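Visitor: I have a structure to look at and would like to go through it step by step. Please show it to me.

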Amino acid sequence: MISIIIPTYNREDLIQETLDSILAQSETNWECLLIDDGSTDQTWNVLQNYSSKDDRFKIFQRQDFNKPKGANACRNIGIEKSSGDFILFLDSDDLLGFDFLSSVKDKITNTKNDLIIYQSVYFFENNSNEENIVKINSEESLITSFFKKESIWLISNPLIKRVFITKKQIFFNENLLAAQDWEFFMKILLLNPKLEFNLTNQSKVKIRKHLDNISQNPTLQPQKYYHYYKARHMIFNDYLNAKQKVNLEEYYKEYSQKILYELIKLKKFNWAKEIISNESIGWRKRRNLFFLKTYKFTKKGLSKISLS
């Protein structure tokens with residue numbers, strides 16, 4: 001059985017289309033765990049309606065679990081409550097392509113793989129164009145290329161063997177507001193899972209592109225940049241081994257420098273100060289903090305702030 005896990009917040013206008021795309025599947029052996037994140041519109045009523053008509057829809061409210069607000073906590077609740085052999089994560093405005101579950105059923109039956117990654121597409125409102133999401137750089141190790149964003153997939157691309165992540169205690173970081181998918185999959189990759197790419201699938205998960213999330217909304221850019229850095233800082237320092245750190249150190253420093261400059265330009269000086277404190281020591285740290293303070297009041301000296 002496949003467990004479909006969907007966090008949702010104020011999606012009364014879109015989630016019905018998502019749930020209808022699941023109901024339309026010819027494969028019937030699934031459960032769908034819907035975790036509401038404290039919606040203030042009619043989303044919970046919509047979930048109750050679907051659950052009352054089909055008990056494969058299992059509904060939960062995040063606040064009943066004493067967890068912080070956010071999709072990460074909702075997905076973790078879904079993992080804990082799921083019972084399927086494989087997990088598929090969806091966002092509450094994603095759509096399952098025609099017969100997607102049936103098309104993957106044979107592949108996951110008796111497989112030894114821990115992850116099977118399928119192609120998916122972005123789709124745009126009032127636009128028939130679709131854009132493939134998964135990209136793989138086969139010239140480097142997957143850990144290296146995924147860390148450097150040269151290999152890309154999103155939360156809805158993999159089917160994940162449930163016992164692999166539950167036994168290894170891999171969950172979403174509930175403190176991250178961006179890059180949570182990347183951080184989750186980095187933790188999985190570092191455990192050397194049995195993994196297969198199946199990117200020729202005709203039926204795909206369709207991911208809606210709009211401004212109603214932190215990755216696309218320009219007003220949330222500072223928060224996005226900070227949490228992108230925070231996720232990479234944690235993975236680099238807490239999860240990579242010595243050899244992996246040597247291999248990725250130059251990229252990590254360049255990435256941190258880029259984020260630092262963006263946050264300074266956006267006047268997020270406290271976050272910039274945190275990055276400087278994390279990534280530089282001794283006289284360089286003192287120098288960087290001096291020029292950060294100088295830039296704050298004069299808008300000069302940005303180029304003199306350097307992490308390497």
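Guide: This is a predicted model. We begin with one residue, T8, which lies in strand β1.

Visitor: Is T8 buried or exposed?

Guide: A residue counts as buried when its relative accessible area is under 20%. For T8 the relative accessibility is 3%, so T8 is buried.

Visitor: Which residues does T8 touch, leaving out residues up to four places away in sequence?

Guide: T8 belongs to strand β1, and its partners are counted without residues up to four places away in sequence. With those set aside, T8 touches I15, I35, D36, D37, S39, T43, L47 and S92.

Visitor: In which sense do β1 and β4 pair, and which residue of β4 stands opposite S3?

Guide: Strand β1 covers residues 2-8 and strand β4 residues 86-89. Four bridges join β1 and β4, and the sense is parallel. Opposite S3 in this pair stands I87.

Visitor: Which strands stand at the edges of the sheet?

Guide: The sheet is open and has seven strands with mixed pairing, in the order β3-β2-β1-β4-β9-β6-β10. An edge strand has a single partner, so one side of it is left without a neighbour in the sheet. The strands placed this way are β3 (57-61) and β10.

Visitor: What is the average twist from one strand to the next?

Guide: The strands follow the order β3-β2-β1-β4-β9-β6-β10. Going from one strand to the next, the twist averages 20 degrees.

Visitor: Which way do the residues of β6 point, and are they buried or exposed?

Guide: Strand β6 spans residues 115-118. L115 and I117 point one way, while I116 and Y118 point the other way. All of them are buried.

Visitor: Which residues stand opposite L115 in β9 and I116 in β10?

Guide: β6 runs antiparallel to β9 (residues 158-161), with three bridges between them. With β10 (residues 195-198), β6 pairs in the parallel sense over four bridges. L115 stands opposite I160 in β9, and I116 stands opposite E196 in β10.

Visitor: Which strands does helix α7 touch, and what angle does its direction make with that of β9?

Guide: Helix α7 covers residues 180-189 and packs on the sheet. The strands α7 touches are β4, β6, β9 and β10. The direction of α7 makes an angle with that of β9 of about 50 degrees.

Visitor: How are α7 and α8 oriented to each other?

Guide: Two packed helices are described by the angle between their axes and the distance between the axes. For α7 and α8 (residues 221-238) the axes are 9 Å apart and the angle is about 15 degrees. Angles under 35 degrees count as roughly parallel. The two helices, α7 and α8, are therefore roughly parallel.

Visitor: Which residues of α7 and α8 meet?

Guide: The crossing of these two helices, α7 and α8, is right-handed. From α7 the residues are W182, E183, M186 and K187, and from α8 they are A231, R232 and I235. By class, this contact has four nonpolar, no polar and three charged residues.

Visitor: How are α10 and α11 oriented to each other?

Guide: The axes of α10 (residues 269-279) and α11 (residues 282-298) come within 10 Å and cross at roughly 165 degrees. Angles over 145 degrees count as roughly antiparallel. This makes α10 and α11 roughly antiparallel.

Visitor: What is the handedness of the crossing of α10 and α11, and which residues make the contact?

Guide: The contact is formed by F269, A272, K273, I276 and S277 of α10 with K285, N288, L289, L292, Y295 and K296 of α11. By class these are six nonpolar, two polar and three charged residues. The crossing of α10 and α11 is right-handed.

Terms used: Residues are numbered from 1 along each chain as its sequence is written. This is a predicted model: local features need pLDDT of at least 70, side-chain atom pairs count only at pLDDT 80 or more; totals for chains, interfaces and linings use all residues. Side-chain values use heavy atoms; hydrogens and water are left out. Axes are lines fitted to C-alpha atoms, for helices over the stretch in contact, and angles run from 0 to 180 degrees between N-to-C directions. Angles under 35 degrees count as roughly parallel, over 145 as roughly antiparallel, 65 to 115 as roughly perpendicular and the rest as oblique. A crossing is left-handed if the near helix is turned anticlockwise from the far one by less than a right angle, and right-handed if clockwise. Contact means heavy atoms within 4.5 Å. Ala, Val, Leu, Ile, Met, Phe, Trp, Tyr, Cys and Pro count as nonpolar, Asp, Glu, Lys and Arg as charged, and the others, Gly among them, as polar. Buried means under 20% relative accessible area, exposed over 50%, partly exposed in between (1.4 Å probe, protein chains only). Two strands pair if DSSP finds at least two bridges between them.
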